[in-house]
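User: Hi! I'd like to learn how words such as "buried" or "salt bridge" get attached to parts of a protein. Could you walk me through it with an example?

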Amino acid sequence: MALADDFLADLADFDEVLASKESKEARRECILQRFSKLDKQNSFRVPDFDEGLDWLNVSEPLTFSSKESLRGKVVVLDFFTYCCVNCLHVLPDLHQLEQHHSVEEGLVVVGVHSAKFLNEKVTANILSAVLRYDITHPVVNDSETHLWQQMSIMCWPTFVIVGPQGQVLYYIVGEGHSDTLFEFVELALEYYQDQGQISSHSLPINLEKQRQREAALHFPGKVHIVSQLNQLAVADTGHHRILLLDRTTGVVQAVIGGKEKGFHDGSFEEARFSSPQSIASLGNVLFVADTENHVLRKVDLSTGFVTTLAGTGQQGDDKQGGELGIQQPLSTPWDVVVGTSPGGEKDTVVYIAMAGTHQIWAYCLKDVTFWKNKKYQAGTCVAVVGSGNEENRNNSYPDKASFAQPSGLAVGQDGIFVADSESSTVRMISMKDGSVKGLIGGDRDPRNLFAYGDKEGVGYDVRLQHPLAVSLMTTDGPLLVADSYNHKIKSVDIRKKECVTVIGTSTPGNTAGDLSTAQLNEPGGLCVEEGAQLVYIADTNNHSIKVLDWKSKTVTELPVVFGESKVDKGQTKLDVAALSQGEHLPEVSVRPGGQLTLDLKLQLAPTLHGNQEAPSGWKLTAADTSGQSILLSLPETCTKGTLSVNSQHSQQRLTSLQLPKDTSVSSLTLVVTCQVFVCHPDDTCTQQRRQFVQRVNVKADADLERIATLVMDVK
């Protein structure tokens, strides 16, 4: 059986031949010949999914080996991660493909979730994304990226088209290739139907969205105080609408748009949005980032009418801009804020975090002047900061700087603060000259987009994880940050660049009350009332709005008609397979109430060095129900973490587990999984994964403290 790398080398040659075919018929003949060739030879077969993976939108796992499952189907594997804006861009293509060809007609799309961030490995969070983005095909959580590695996938998104006998037919990398996707899928269905290999059987589809209780809010994106009305505007993103609430009681004052997605101007009842993420205001006018329609909308609260200011309704790829209004295509606007132009014209610009092109754009409400004396007339929509390259690059020149999926904006006295989600940083744009500097987080290497974590500190020492929003307490600070994948709100002293946690425990939850115990779940937005007394938080995955009272240091929930929606957090799964696959360590004994400490001795071969762009890590699971019950009682910080690969030899403390004094278990079996990313001298990189099985006997006469040392040699 051919390996993935051999297949990809051969595929590159085929792509050159296919590119030379000028007519549709010539391409068709070339592709069909390719299918025939792959059938005749012992071609690369897709490996099957690992057992025990979590599946969504189906009632039982799917497999390539069963005639009642994926055997007999043309399968499109979509390797994605839910934070990736490019992955969001291809979802309409997949939806359209599924509308053209049903499962019974032979086509199955399977989303293979292959996480970038640690938070994205959690099935409950993937479920939230499946619901948020209305994904209706089967999704598997390949949390350890096994299939990603076996298929030699290099980036998100990647499509792999698989034939009815598991034969790998084609790879499509990146977005913007819908024509190629449709061409290969339709020809594959035609070819294998003629070969008698397509089966019309159904699959156990069981959509997650049909099992969820209706709630007032559905994945609210961002919140904004409308000063003119003293009301709270909420981007009810999952319901495709904007809500205006009484800030004290939560009583809905206006509903703008409907629960079904669409793209229509008109009255509040007639207007339709598609996953609007953000709102800004000026007087009686709201500006809405209508994200999945790729447009900027205007809501006139005086007339009760919604119009489109910029964008065509289709995703664009223009990284320059400069056209007027609806003539200018946009790409996934994620946040909007009203501010002053560099020329000093107050409240004349709507700044847009254009996540799709990794830039900051401006919509000009009046004739304005920008840096280098550039003048733009009213109605112009133009890129003003960022090259369009996906990087964490600071620069003195605005067009040389780069962002990585900017998702949150806040206007300060001297510039604009940017929550740059994919670089896990907060950046500053100077209003004086457009220069871009780092405030907190990230790495000095602009190409390293994997410098994330959860660490307080100063400047580059700070670690965030996919921040989505920023808001100033006052014009001088501090700056609040929605550190979304760490489930926290953090505060930054702008002058000192010092960052501390305000709300959150690193573990997703839905707990109000005292700041020290309050928990959030992927907060996506926040805003501060004038006077800095109250902070409103869009607690996105809890489908609710939280209110932080800065004076009393408490968190409450703002009620909205039907109350909150509860997210299933799932539970720790048994890792029984490790008993036969992992390295068994000597048994240890600890008394009830005692402490077990796990250390790792990590040794890299002299020719290897750590891959700093791919974070190495460890996690702790259980192989029996006794261990499972113990782990469920512990905070998440005790069961997973990162590994340092900065030296050839290191001794690292993984975790210390405190057993309950009243535990009734007599023994438990724990599994430690370590994943290390390393590179060879020629910069070819790989990863090694090792599992260790530790049996722990719980005895009244055992030691109070024990240390178990794991040894991992990476060669």
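**Reasoning from values to words**

Analyst: Happy to! Let's begin with Arg653, which is called exposed because its relative accessible area is 53%, and exposed means over 50%. Keep in mind that this is a predicted model.

User: What makes Arg653 and Asp599 a salt bridge?

Analyst: Their side chains come to 2.8 Å, N to O. The cut-off is within 4 Å, so the pair qualifies as a salt bridge. Arg653 sits in strand 42 (residues 649-658) and Asp599 in strand 38 (residues 588-604), so the bridge ties together parts 54 residues apart in sequence.

User: Why is Asp599 called buried?

Analyst: Asp599 has a relative accessible area of 7%. Buried means under 20%, so Asp599 fits that word.

User: And what makes Lys209 and Asp134 a salt bridge?

Analyst: Here the closest N and O atoms are 3.0 Å apart, and the limit is again within 4 Å. Lys209 lies in the loop between helix 7 (178-194) and strand 7 (223-226), while Asp134 lies in the loop between helix 5 (123-132) and strand 4 (139-141), so this pair joins parts that are 75 residues apart in sequence.

User: Why are Lys209 and Asp134 called partly exposed?

Analyst: Lys209 has 42% relative accessibility and Asp134 has 37%. Partly exposed covers values between the 20% and 50% cut-offs, so that term suits Lys209 and Asp134.

User: How do you know that Glu144 is buried, and which residue does Glu144 meet in a salt bridge?

Analyst: At 9% relative accessibility, Glu144 falls under the 20% limit, so Glu144 counts as buried. Its partner is Arg689, at 4.0 Å, N to O. Glu144 belongs to the loop between strand 4 and helix 6 (146-150) and Arg689 to strand 44 (residues 685-698), so the pair links parts 545 residues apart in sequence. Arg689 itself is partly exposed, at 30%.

User: How many salt bridges are there altogether?

Analyst: The count comes to 24. There is also a network of salt bridges that links Asp454, Asp483, Lys488 and Lys490.

User: Stepping back, why is the protein called as compact as a globular protein of its length?

Analyst: The protein has nine helices and 45 strands. Its radius of gyration is 26 Å, and the globule rule gives 27 Å for 715 residues; the two values are close, so the description holds. Buried residues make up 59% of the 715.

Notes:
Residues numbered from 1 in each chain as written. Predicted model: local features only at pLDDT ≥ 70, side-chain atom pairs only at ≥ 80, totals over all residues. Heavy atoms only, no water. Helix = DSSP H or I, 4+ residues; strand = E, 2+ residues; numbered from the N terminus. Rg over C-alpha atoms; globule rule 2.2 N^0.38 Å. Buried < 20%, exposed > 50% of the residue type's maximum accessible area, 1.4 Å probe, protein only.
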